[in-house]
Amino acid sequence: VQLQASGGGLVQAGASLRLSCAASGRTFSNYVMGWFRQAPGKEREFVAVISRPGSSTYYTDSVKGRFTISRDNTKNTVYLQMNSLTPEDTALYYCAAAVAWVFTPDKYAYWGQGTQVTVSS
């Protein structure tokens, strides 16, 4: 499956952004979808994951209550709504697809190209 992430940008602290990730090539609904991020000099870290039908989600503690992952299987798209952004959220954000309910990058077989989110203070 091919993934194309978009929606990043430069915003001020407290603002919101919605990232999108469009999938093509294989049956999107067969995959668990995740969002990850990587800040300069840091390892890629898990942000959120959503189940195949979209009924289950899970978040890393630092984004709980601020970020919401969702998907539209009719549009082959997964979203990440990010509210109350802080400078600590600045990173390159990646969407990824997996065949199981997993949270580590090495378990995801397919990756988008990343979209930059920069939050100024």
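Phe-46 is counted as buried in this predicted model, since its relative accessibility is 11%. Its ring is paired with that of Phe-36, which is likewise counted as buried, at 0% relative accessibility. The ring centres of Phe-36 and Phe-46 are separated by 5.9 Å and the planes meet at 75 degrees; planes over 60 degrees apart count as edge-to-face, so this pair is edge-to-face. Phe-36 belongs to strand S4 and Phe-46 to strand S5 (residues 45–50), and the pair thereby links distant parts of the chain, ten residues apart.

Ten aromatic pairs are found in the structure. Ring pairs join Phe-36 and Phe-46 with Tyr-58, Tyr-94, Trp-101, Phe-103, Tyr-108 and Trp-111 in a cluster. Tyr-94, a member of this cluster, also has Arg-44 over its face, 3.8 Å from the ring centre.

An edge-to-face arrangement is also seen for Tyr-31 and Tyr-110, because the ring planes stand at 85 degrees, with the centres 5.8 Å apart. Tyr-31 is located in the loop between strand S3 (17–24) and strand S4 (32–38), whereas Tyr-110 is part of strand S10 (residues 110–111), so the contact ties together parts that are 79 residues apart in sequence. Tyr-31 is buried, with a relative accessible area of 7%. For Tyr-110 the relative accessible area is 23%, and this residue is partly exposed.

A further arginine, Arg-71, is placed over the face of Phe-28, at 4.4 Å from the ring centre.

Definitions and conventions:
Residues numbered from 1 in each chain as written. Predicted model: local features only at pLDDT ≥ 70, side-chain atom pairs only at ≥ 80, totals over all residues. Heavy atoms only, no water. Phe/Tyr/Trp six-rings, centres within 6.5 Å; stacked < 30°, edge-to-face > 60°. Helix = DSSP H or I, 4+ residues; strand = E, 2+ residues; numbered from the N terminus. Buried < 20%, exposed > 50% of the residue type's maximum accessible area, 1.4 Å probe, protein only. Lys NZ or Arg CZ within 6 Å of the ring centre and 35° of its normal.
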